[in-house]
Amino acid sequence: MDLSLDSARNYPSMIKDREDEMQPLFARMGNDEDLYYLKPYKMVDSHGKEIPKVINITLNDAQTDADRIVALLTGAVIREEVEGEGLSDDQTTLIEDFLKDMYWEIENDLAARQYPNLMFFIAQQLCLRGSAAVRYIQEGDKKGIRPKLLPLDTQSVIYAVNDKGMAWIATKSLRSKAAIEAEYGETISGKSAVITDFWNDEVNIIYLGTETSIGSVLKEQRNKLGYIPFIYVQSGLGSAFLNEKSEEHKGESIFAPNRHIIAEENRFASILATLAQASFEGPLQFHTEHPENIKEGDIENPFGVGKV
């Protein structure tokens, strides 16, 4: 494939095809997100229809367990330690201090842009998404070096690899009308639009589109770095199979072993709550001296909470 700017028209279809391939993985991430956000449980029958008059209970175990694990990982202390043949203690200390300064500069920059703490972000992404990604570009001049790190939600990261590593990457983000106009000078008709940021070794192309369409080129430029400035890592959990089902189970989240059990726990809790309530409002008898006057439909099914 020609990787020049002239072939930019080929990239949208390439991104869309790969996005379709990754849909099972993105769907799994979405289901895990629902578990973490405690999406209200609804008891349904075998046809998927909600069962009436059930006290639906959503247990908070998924969120509290995840928060505990993320808190433990976030509490880890980063320690810079440099060793090298022929390096003196003063030299290794200088390098270690430089790394510390770079890390704190990144943290300060993230805080200024209202992004979460880097350690917290990576821990939560690895635990709940099963992967973590950032874009890192280092800017510098005679006055010094400025690290520029952009955290990415991997549910919106599309990528492909080849025999040399990452072949290309594209990130999708929903941006407001004001944000698009401020950054790109483009006025859109709606309140928001989807920005797709595509990178490979040679080009960086920004597309303006929708949730279902990559759209048109908003900005294009040569990739002067000569490499893709992204880091994408997966958790150590998941499948090592190489079949059609493996995409969904790459970089599993902490919910992998009990993802389907959580719904059953909510069902059991809902049954117990409903039965407990029914014990206070059991079925009642209907007394009449003239049963011949009762027509069909006057009395409902006598089974249920508070039925007569």
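**Figure 1. Phe98 and the nonpolar patch around helix α4.** Phe98 has its place in helix α4, and this is a predicted model. The helix covers residues 89-112. Phe98 is partly exposed, its relative accessible area being 40%. Together with Leu87, Ile95, Leu99 and Ile145, Phe98 makes a nonpolar surface patch of about 400 Å². Which element gives the patch its largest share? That would be helix α4, with three residues.

**Figure 2. Asp109 and its two salt-bridge partners.** Staying with helix α4, this view turns to charged side chains. Side chains of opposite charge can pair when their charged atoms come close. Asp109 meets the side chain of Arg113 in a salt bridge, at 2.6 Å from N to O. Lys148 also forms a salt bridge with Asp109, here at 3.4 Å from N to O. Lys148 sits in strand β2 (residues 144-152) and Asp109 in helix α4, so this pair ties together parts that are 39 residues apart in sequence. Is Asp109 buried or exposed? At 10% relative accessibility, Asp109 counts as buried, because the cut-off for that label is under 20%. Lys148, at 22%, is partly exposed, and so is Arg113, with a relative accessible area of 30%.

**Figure 3. Other salt bridges, from a buried pair to a network.** By the rule used here, the count comes to 19 salt bridges. One of them links Glu252 and Arg259, whose closest N and O atoms are 2.8 Å apart. Both of these residues, Glu252 and Arg259, are buried. Elsewhere, Arg18, Glu21, Glu247 and Lys250 are joined up in a network of salt bridges.

**Figure 4. The open sheet of three strands.** Strand β2, home of Lys148, shows up again here. The strand order is β2-β1-β8, the pairing is antiparallel, and the sheet is open. β2 and β8 (230-234) are the edge strands with a single partner each, so one side of each has no neighbour in the sheet. On average, neighbouring strands of this sheet are turned by 20° against each other, direction ignored. How many bridges join β1 (residues 131-141) to β2? There are nine, and the two strands run antiparallel. For a single position to look at, Ala133 stands opposite Leu152 in β2.

**Figure 5. The open sheet of five strands.** This one reads β3-β4-β5-β6-β7, again an open sheet with antiparallel pairing. Which strands stand at its edges? They are β3 (157-162) and β7 (216-222); each has a single partner strand, so one side of each is left without a neighbour in the sheet. Direction ignored, neighbouring strands of this sheet are turned by 15° against each other on average.

**Figure 6. Strand β6 and its enclosure.** Here the five-strand sheet is viewed through one of its members. Seven of the seven residues of β6 are buried, so the strand is largely enclosed by the rest of the structure. Which residues lie on each of its faces? Val203, Ile205, Tyr207 and Gly209 are on one side, with Asn204, Ile206 and Leu208 on the other, and all are buried.

**Figure 7. The hairpins on either side of β6.** β5 (residues 192-199) and β6 (residues 203-209) pair in the antiparallel sense over six bridges. They form a hairpin, with three residues between them. Ile195 stands opposite Leu208 in β6, while the bridge partner of Thr196 in that strand is Tyr207. β6 is also joined to β7 by six bridges, and these strands run antiparallel too. Leu208 stands opposite Ser216 in β7. The hairpin of β6 and β7 has six residues between the strands, and in it Gly215 takes a positive phi near 90°.

**Figure 8. Zooming back out to the protein chain.** To put the close-ups in context, the chain has seven helices and eight strands. Its C-alpha atoms fill a box of roughly 100 × 50 × 40 Å along the principal axes. What is the radius of gyration of the protein chain? It comes to 28 Å, whereas a compact globule of 308 residues would have one near 19 Å. Of the 308 residues, 32% count as buried.

Technical notes: Residues numbered from 1 in each chain as written. Predicted model: local features only at pLDDT ≥ 70, side-chain atom pairs only at ≥ 80, totals over all residues. Heavy atoms only, no water. Pairing = 2+ DSSP bridges. Helix = DSSP H or I, 4+ residues; strand = E, 2+ residues; numbered from the N terminus. Axes fitted to C-alpha atoms, helices over the stretch in contact; angles between N-to-C directions. Patch = residues over 30% accessible without salt bridge, like charges linked within 9 Å, V, L, I, M, F, W, Y side chains within 5 Å. Areas by Shrake-Rupley, 256 points an atom, 1.4 Å probe, with all protein chains shown as cover. Salt bridge = Lys/Arg side-chain N within 4 Å of Asp/Glu carboxyl O. Buried < 20%, exposed > 50% of the residue type's maximum accessible area, 1.4 Å probe, protein only. Rg over C-alpha atoms; globule rule 2.2 N^0.38 Å.
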